[in-house]
Amino acid sequence: MSQFEEEYEELVGPIKIELFKEFLPAERSSLSVLDVGAGTLPNAQYLQETNVTAVDPNPEMWPYARANAARHGLTSLNLVNGVAEALPFPDSSFDRVICTLVLCSVADVQAAVREMHRVLKPGGKLLFLEHVAAGKEQALLRLSQELLNPLQRALADGCNLTRDPLDQIANGSFKLEREKHFSIPSLGLIGPHVGGIALR
Ligand SMILES: C[S@@+](CC[C@H](N)C(=O)[O-])C[C@H]1O[C@@H](n2cnc3c(N)ncnc32)[C@H](O)[C@@H]1O
């Protein structure tokens, strides 16, 4: 992982620990987990003893994902080339789906949410954690995000600063079990976040 990723993971560590604790059952050895837009697989550290499929359109991430999996003792990892908007899996394939820092970059948020719902088994859960547009109470930050969004998109692989996918998740047939908006001021433009768990 890059230094930024390491630092980011440290900052969101407490919230991820809390979310993953609720997301994964104590007995998890037969659990199938899909990490969408998994990148270098920073979530490996939370996924020991599960069967992980990581899907991403950029295979250059895979050596890092494998290294991360090995570093955290993940023994079952399947790496698949694909996009969130057209997941290459049959309906009801997974017990759990993870989506962290991905909906800022996808071409079609609604299609991605629909696909995550489709590949989850009934009763399965989605864990999401995304940086989002600042709320009304952070008007100056919101204005900066609007102004700098074209530059961010150009420099950061299509990443948008001005989205908030919570409504699309809630409207996409998921039932929100837990959701929280929070901010990490040291992250500047990508400080505002939403995280939570949704039930299929
Ligand atoms: C900021 S990284 C996040 C990686 C990882 N999920 C994390 O939490 O750090 C965004 C990832 O989304 C992937 N990505 C971009 N467009 C995508 C799409 N349409 N569907 C799935 N993944 C996509 C990128 O290749 C990249 O690995």
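A polar side-chain atom of D56 lies 2.6 Å from an oxygen atom of the ligand in this predicted model. Taken alone, the ligand exposes 600 Å², of which the protein buries 82%. The ligand sits in the largest pocket, and 15 residues surround the ligand. The points below cover the ligand site, residue V55, and two residues with positive phi.

**Ligand contacts**

- Among the 15 residues around the ligand, those that come nearest are G37, D56, A84, E85 and T100.
- The side chain of D56 supplies a polar atom at 2.6 Å from a ligand oxygen.
- G37 approaches the ligand through its backbone: an N or O atom of that backbone is 2.8 Å from a ligand nitrogen.
- A84 likewise uses a polar backbone atom, which lies 2.8 Å from a nitrogen atom of the ligand.

**Composition of the shell**

- Nine residues of the shell around the ligand are nonpolar.
- The rest of this shell consists of four polar and two charged residues.

**V55 and its position relative to A84**

- V55 belongs to strand 2, a strand that spans residues 51-56.
- The relative accessibility of V55 is 2%, a value under the 20% limit, and V55 therefore counts as buried.
- V55 and A84 are 29 residues apart along the chain, while their C-alpha atoms are separated by 8.0 Å.
- A84 is also one of the residues that come nearest to the ligand.

**Positive phi at L41**

- L41 is a residue other than glycine with a positive phi, near 60 degrees.
- The residue is found in the loop between strand 1 (32-36) and strand 2 (51-56).
- L41 has a relative accessible area of 0% and is therefore classed as buried, the limit being under 20%.

**Positive phi at D157**

- D157 also has a positive phi without being glycine, with a value near 55 degrees.
- Its place is in the loop between helix 4 (139-155) and helix 5 (166-171).
- D157 is classed as exposed because its relative accessible area of 74% is over the 50% limit.

**Contrast between the two loop residues**

- L41 is buried, whereas D157 is exposed.
- The loop that holds L41 connects two strands, whereas the loop that holds D157 lies between two helices.

How values were computed: Residues are numbered from 1 along each chain as its sequence is written. This is a predicted model: local features need pLDDT of at least 70, side-chain atom pairs count only at pLDDT 80 or more; totals for chains, interfaces and linings use all residues. Side-chain values use heavy atoms; hydrogens and water are left out. A residue is near a molecule or strand if one of its heavy atoms lies within 4 Å of it. A polar contact is a pair of N or O atoms within 3.5 Å; within protein, one must be able to donate a hydrogen and the other to accept it, and residues adjacent in sequence count only if both atoms are side-chain atoms. Accessible areas come from the Shrake-Rupley method with a 1.4 Å probe; for residues, only the protein chains shown count as cover. On a 1 Å grid over the protein atoms alone, a cavity is a set of points where a 1.4 Å probe fits but cannot get out, and a pocket is an open set with protein on both sides within 12 Å along at least five of seven lines; lining residues have an atom within 4 Å of a point. A molecule sits in a cavity or pocket if more than half of its atoms lie within 2 Å of its grid points. Ala, Val, Leu, Ile, Met, Phe, Trp, Tyr, Cys and Pro count as nonpolar, Asp, Glu, Lys and Arg as charged, and the others, Gly among them, as polar. Helices (H or I, at least four residues) and strands (E, at least two) are DSSP runs, numbered from the N terminus. Buried means under 20% relative accessible area, exposed over 50%, partly exposed in between (1.4 Å probe, protein chains only).
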